[in-house]
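Let's walk through how a protein meets DNA here, one strand at a time. Have the sequence and the 3D view open as you read.

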Number of protein chains: 2
Amino acid sequence: MSMLHDMDSTAFTILGEPTRLRILSELRDEELHVGELVAKLDCTQPTISKHLKVLRDAGFVECRVDAQRRVYHLKQQPFKSLDDWLEPYRQLWNRNLDALENFLDQQENNK
Amino acid sequence: MSMLHDMDSTAFTILGEPTRLRILSELRDEELHVGELVAKLDCTQPTISKHLKVLRDAGFVECRVDAQRRVYHLKQQPFKSLDDWLEPYRQLWNRNLDALENFLDQQENNK
DNA sequence: ATTTTATATTCCTTGACACGTATATACGTT
DNA sequence: AACGTATATACGTGTCAAGGAATATAAAAT
């Protein structure tokens with residue numbers, strides 16, 4: 001039960017780099033090729049390419065070839081893993097919601 | 001609209017350390033003091049204390065004092081931020097679900 | 001008051017990684 | 001074929017963070 005949800009920390013290491021996080025953010029709504037990412041994030045091209053390699057190897061992105069261009073887009077799997085990892089922590093606020101509800105019920109009953 | 005959900009990468013940097021991730025995992029179901037964490041994760045005490053400081057400074061955990069002991073527990077805020085950050089990426093699978101639904105509807109209609 | 005227990009902090013060393021520059025590869029255009 | 005464009009890779013360098021050992025702090029027990 002708690003064996004599920006136990007996650008390798010490497011995914012977080014990958015997201016812990018500001019430029020990589022921005023790359024993912026830029027790719028949320030549209031596919032982009034390397035040059036476009038270089039322009040949007042004003043980094044050098046090698047920097048972007050290296051970050052893209054890291055993201056590719058970790059399965060966060062994928063690219064299709066369009067002539068000399070590589071067009072990158074997001075893959076869902078690692079994000080789903082994050083969502084699963086987060087699941088057991090959601091009780092932190094659900095629990096509080098329950099407590100609030102109980103409190104409000106209590107108030108109601110004491111009227 | 002996309003300004004919300006844009007997250008500082010430091011939270012991920014913090015989660016990118018295996019021992020810290022395990023500390024959070026251990027604290028999911030129960031409060032623990034430092035000594036208990038040292039035992040569970042077999043690290044040296046200074047290592048655990050240093051990781052706890054990082055987690056404290058980032059708001060992931062909090063501790064109450066019990067005599068010489070510091071009893072640590074999770075705080076919800078950073079986890080909620082992660083949940084919010086994840087939100088726009090959920091369309092990656094919702095979108096696919098929609099596509100699947102459409103496909104199935106299509107199949108249905110063609111009977 | 002002294003000693004023991006529990007935790008935090010400091011200093012040092014080492015390893016990982018991010019960036020820049022330069023270069024390689026591959027496709028397109030002329 | 002030669003040149004230009006688009007992307008990837010290699011190498012050297014600097015920064016930062018993790019871990020170990022030693023020490024500091026604080027409360028408890030004797």
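Helices here are DSSP runs of H or I with at least four residues, strands are E runs of at least two, and both are numbered from the N terminus. Keep in mind that this is a predicted model, in which local features need pLDDT of at least 70 and side-chain atom pairs count only at pLDDT 80 or more, while totals for chains, interfaces and linings use all residues. Residues are numbered from 1 along each chain as its sequence is written, chains are lettered from A and ligands numbered from 1 in the order in which they are written, and side-chain values use heavy atoms, with hydrogens and water left out.

Start with DNA strand D. A residue is near a strand if one of its heavy atoms lies within 4 Å of it. Which element gives the most to the surface near DNA strand D? That's α4(A), with six residues. At least two residues each come from α3 (34–41), α4 (45–57) and β3 (69–74) of chain A, and from α4 (45–57) of chain B. There are 22 residues around this strand, and Q45(A), Y72(A), R20(B), K50(B) and H51(B) come nearest. Sugar and phosphate make up 60% of the DNA strand D atoms that come within 4 Å of the protein.

Now for the polar contacts (pairs of N or O atoms within 3.5 Å; within protein, one must be able to donate a hydrogen and the other to accept it, and residues adjacent in sequence count only if both atoms are side-chain atoms). The side chain of K50(B) has an N or O atom 2.7 Å from a base oxygen of DNA strand D. H51(B) goes for the backbone instead, with a polar side-chain atom 2.6 Å from a phosphate oxygen.

Over to DNA strand C. Here α4(B) gives the most to the nearby surface, with six residues. The strand is surrounded by 23 residues, the closest being K50(A), H51(A), Q45(B), S49(B) and Y72(B). S49(B) puts a side-chain N or O atom 2.8 Å from a phosphate oxygen of DNA strand C, and for R20(A) the corresponding distance to a phosphate oxygen is 3.2 Å.

Finally, look at α3(A) itself. Its buried residues (under 20% relative accessible area, 1.4 Å probe, protein chains only) are V34(A), L37(A), V38(A) and L41(A). Seen down the axis of α3(A), they fall within an arc of 105° (taken from the directions from the helix axis to the C-beta atoms), so they line one face of the helix.

Note on methods: Buried means under 20% relative accessible area, exposed over 50%, partly exposed in between (1.4 Å probe, protein chains only).
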